[in-house]
Amino acid sequence: MPQYKYQVKKGVKWLAKFNYGDPNTGTTQTEYKRGFDSKREAKDYEENFLENLTAENEEEEAPYERTFEDVFQEYLMSHKREDIKESSLRTKHNVFEKHIFPTFRDTPIADITDDDIAAWQAKMKSVVKPDGKPLSKAFLRTIQSQFNSVINYAHSKGYLKLNPLADIKNMGIKDKRVEFWSADEYEKFAYYAMQNPHYYYAFEVLYWCGLREGEMLALTLNDIDLEEGIITVNKTYQRVGRQDVISTPKTPSSVRKVSMPAFLCDELREYIDMLYEPEPDQRIFQITKSTLTKNFQNMTQEAGLKRITVHGLRHSHVSLLISKKYDIFEVSKRIGHKSVKTTQDIYGHLFDEVQRTIANDLDSLRRG
């Protein structure tokens, strides 16, 4: 079986993880031990362990006492670390390093109680950021979710006889705020954005097609069919460690074809003509998310509009579609959600307004 290396503060360590047949029960078990200085040491541990199993009456070794960090590392590998996007992995590590490991890193996973978790929650709620504000309830929920993932994994693997989360209420709240602009508000923004064409066309694609920022920033000439009016979404862009990284989209359902209105095709023709001999596989918007956000907020302030995020343009697109009474299935498919339920969970309250409009239309029909 392979050995694995993992990051520690002063470099890397190696761990051994392998399956073996238990001669007493006849079942397949998993052995896991970390803290080795080299791959060879981890391999030697595995070989010695398996050799010792051949003796029927040998003295049983004391089971390795897994710490919270041990289980965290195993949890990551169980989800195939190579399948986790680098940006997501960095975010996960930051949450654990700053908010979870200081309390639980070296604690044996089997020793964590509901009282320990409640005390940690109280500590998190008392944290004050440099600006004097506490951690947002939405971020507290994110921290809790990351913590729960490791505890639930440990329970599923049998490392915990009882799940200490059973009697614990999650801290924070899910962030269900969906901030968006009306069509009139976006048109006002677009008027001010025109003064910077490089960003204006990017914002047009985001608003009129409902793409995610990473999807828009990854677009190449090969992805845009101006004759058919189709944008093919099959990758996403992110900036990781000062490097441009192109990877697969958020979910398999994110791979899709999005129809463009004719005027947007005309605008993209104008924009592409402005580029200097672009290559077919070259990103047409040579900007990053940070510069996109900075310019977006500056233009928003100049236009005198309420502050929303760049992602709010995607919300604004969905709001526009819903206001036109498009079917939720078609809306979900257009924006690349993995299921209609996801769309309903995020935008359900907007469909409530459509229902009221439908009821008013039916009333008008009856009353003549």
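A crossing of two helices counts as right-handed if the near helix is turned clockwise from the far one by less than a right angle. Keep that in mind for the first view of this predicted model.

**View 1. Helix 11 crosses helix 13 with a right-handed twist.** The two helices, with helix 13 spanning residues 340–367, pack at an angle of about 25 degrees, and their axes sit 10 Å apart. Angles under 35 degrees count as roughly parallel, so helix 11 runs roughly parallel to helix 13.

**View 2. Here are the residues where helix 11 meets helix 13.** On the helix 11 side, look for His-315, Val-318, Ser-319 and Ile-322. Facing them from helix 13 are Tyr-347, Leu-350, Phe-351 and Val-354. Sorted by class, this contact has six nonpolar residues, two polar ones and no charged ones.

**View 3. This is the largest nonpolar core, with 45 residues.** Phe-203, Leu-211 and Phe-285 have the most contacts inside it. At least two core residues come from each of helix 6 (183–193), helix 7 (197–209), helix 8 (213–217), strand 5 (230–233), helix 9 (262–274), helix 10 (289–303) and helix 11 (312–323). Helix 7 gives the most, chipping in ten residues.

**View 4. Zooming in on Phe-203 shows its contacts from elsewhere in the sequence.** Skip the neighbours within four places in sequence, and Phe-203 still touches Tyr-186, Phe-189 and Ala-193, plus Leu-292, Phe-296, Met-299 and Leu-313.

**View 5. Another core, of 29 residues, lies apart from the largest one.** Among its members are Leu-89, Phe-101, Ile-117 and Ile-168.

Note on methods. Residues are numbered from 1 along each chain as its sequence is written. This is a predicted model: local features need pLDDT of at least 70, side-chain atom pairs count only at pLDDT 80 or more; totals for chains, interfaces and linings use all residues. Side-chain values use heavy atoms; hydrogens and water are left out. A nonpolar core is a set of buried Ala, Val, Leu, Ile, Met, Phe, Trp, Tyr and Cys residues joined through side-chain atoms within 4.5 Å. Buried means under 20% relative accessible area, exposed over 50%, partly exposed in between (1.4 Å probe, protein chains only). Helices (H or I, at least four residues) and strands (E, at least two) are DSSP runs, numbered from the N terminus. Contact means heavy atoms within 4.5 Å. Axes are lines fitted to C-alpha atoms, for helices over the stretch in contact, and angles run from 0 to 180 degrees between N-to-C directions. Angles under 35 degrees count as roughly parallel, over 145 as roughly antiparallel, 65 to 115 as roughly perpendicular and the rest as oblique. Ala, Val, Leu, Ile, Met, Phe, Trp, Tyr, Cys and Pro count as nonpolar, Asp, Glu, Lys and Arg as charged, and the others, Gly among them, as polar.
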